Amino acid sequence: MKITAADVIVTSPGRNFVTLRITTEDGLTGLGDATLNGRELAVEAYLRSHVAPLLIGGDAGRIEDTWQYLYRGAYWRRGPVTMAAIAAVDMALWDIKAKAAGMPLYQLLGGASRTGALAYGHASGRDIPEVLDSVRSHLEQGYRAIRIQSGIPGLDSVYGVAASSAAGGERYDYEPARRSLGGPSRPVEETWDTRAYLRHMPRVFEAVRAEFGPELPLLHDGHHRMTPIQAAKLGKDLEPYDLFWLEDATPAEDPTALRLIRQHTTTPLAIGEIFNSLHDYGPLLSERLIDYVRSAVTHIGGVTAMRKLLDLAAVYGVKSGMHGPTDISPVGMAAALHIDLAVHNFGIQEYMKHSPRTLEVFLTSYRFTDGLLHPSDTPGLGIELDDEAAARFPYEQAYLPVNRLTDGTVHDW
Ligand code: GCO
Ligand code: MG
């Protein structure tokens with residue numbers, strides 16, 4: 001199975017996606033997601049200039065060898081750009097291998113361990129009544145686990161709160177990297193106040209539990225904004241509301257922060273969406289400082305790397321909680337779902353529906369039924385890309401917002 005082409009497709013059906021398509025001499029194709037939100041063209045260039053030429057003529061069946069060749073062979077290791085590129089190659093090769101076998105990828109990974117992957121949806125609102133409405137609407141859509149994000153009194157706009165939450169109905173991107181649309185190509189800036197946030201969030205969870213009872217699994221994302229002692233306080237304050245997890249409580253690059261949080265609270269902790277290597281987890285697994293690993297297949301280095309990470313996590317009783325916002329393309333989402341179905345230490349899967357426009361480009365077969373996701377039994381990953389549709393949506397520069405404290409100091413967003 002010789003590789004004859006490796007094409008990089010950049011398209012923007014509502015938001016930007018970078019996709020790699022590998023073709024073999026017998027006409028099989030495989031897709032891989034290489035999207036790095038807000039920095040897409042860096043991965044495109046890395047793939048096009050430095051990776052694609054190395055793939056041509058190679059054996060599509062040698063997945064582990066190709067991974068090691070791209071990782072060790074570059075000499076320069078890790079980093080979000082490199083690892084997203086390697087992830088895309090790896091996903092595409094697994095897609096091809098599973099198509100060649102005539103099986104859905106999860107069968108090659110050992111077969112199904114469950115009937116479907118428990119998915120969590122994203123409820124949000126500018127104030128508590130809007131949050132409650134949003135939870136209700138997610139329950140009506142079938143979600144059995146829900147992440148809660150809320151506006152904070154005194155702050156104009158906050159991560160994770162859909163701009164249109166009052167409008168109701170289906171929402172797709174609660175936090176798209178904002179496209180400049182002819183305006184100045186600079187990120188939008190938001191203002192942040194951690195003390196106001198720490199005062200407000202326990203009230204939000206109190207209201208949600210009072211309205212919806214103790215059963216519903218509830219999650220929350222701190223998005224790297226707290227100091228360790230602030231995060232410890234929030235974890236303690238939220239204990240009465242029995243969270244499924246508190247995510248990214250502190251900036252993820254400092255694993256020692258988790259030690260401090262852990263000493264103070266029994267609220268379960270999740271981290272890892274911005275990690276790009278198993279090594280980033282450092283002592284988090286061996287010291288049992290977290291309960292869930294949040295990496296995406298797209299950013300950790302593909303199916304091969306994710307399997308290794310989850311096997312290591314399993315040794316310490318840590319479960320998966322793969323990143324799945326809409327900046328993970330349907331290709332990356334499908335890869336996650338095959339792994340979710342197969343591994344023993346599955347925990348939960350983040351899920352946010354892609355917009356109808358995105359789904360014109362990416363033809364998906366996975367399905368969401370009664371709160372569970374299933375990758376489908378289509379051979380391979382189960383995703384195809386419509387080139388004509390992709391060409392209708394050319395790349396548009398977009399940035400994630402930047403946060404500043406009330407005195408103007410740049411803060412984590
Ligand atoms: C999540 C994440 C996302 C990130 C986004 C950045 O938990 O889903 O925090 O919302 O902000 O992936 O590109
Ligand atoms: Mg997050």
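**Metal site and largest pocket of a predicted model**

Both D221 and E273 are buried, where buried means under 20% relative accessible area with a 1.4 Å probe and protein chains only. This is a predicted model, in which local features need pLDDT of at least 70 and side-chain atom pairs count only at pLDDT 80 or more, while totals for chains, interfaces and linings use all residues. Residues are numbered from 1 along each chain as its sequence is written, and side-chain values use heavy atoms, with hydrogens and water left out.

Q: What makes D221, E247 and E273 donors of the magnesium ion (ligand 2)?
A: Donors are N, O and S atoms within 2.8 Å of the metal (3.2 Å for Na, K and Ca), and sites may look incomplete because water is not among the atoms. D221 (OD), E247 (OE) and E273 (OE) lie 2.0 to 2.2 Å from the magnesium ion, so they meet the limit of 2.8 Å.

Q: What spacing do the donors of the magnesium ion (ligand 2) follow along the chain?
A: The donors follow D-x25-E-x25-E. D221 lies in strand β8 (residues 218-221) and E273 in the loop between β10 (269-271) and α9 (283-286), so the pair ties together parts that are 52 residues apart in sequence.

Q: How do you know where the largest pocket lies relative to domain 1 (3-104) and domain 2 (108-377)?
A: Both domains, whose bounds come from an automatic or database domain assignment, give residues to its lining, so the largest pocket lies between them.

Notes: Chains are lettered from A and ligands numbered from 1 in the order in which they are written. Helices (H or I, at least four residues) and strands (E, at least two) are DSSP runs, numbered from the N terminus. Buried means under 20% relative accessible area, exposed over 50%, partly exposed in between (1.4 Å probe, protein chains only).
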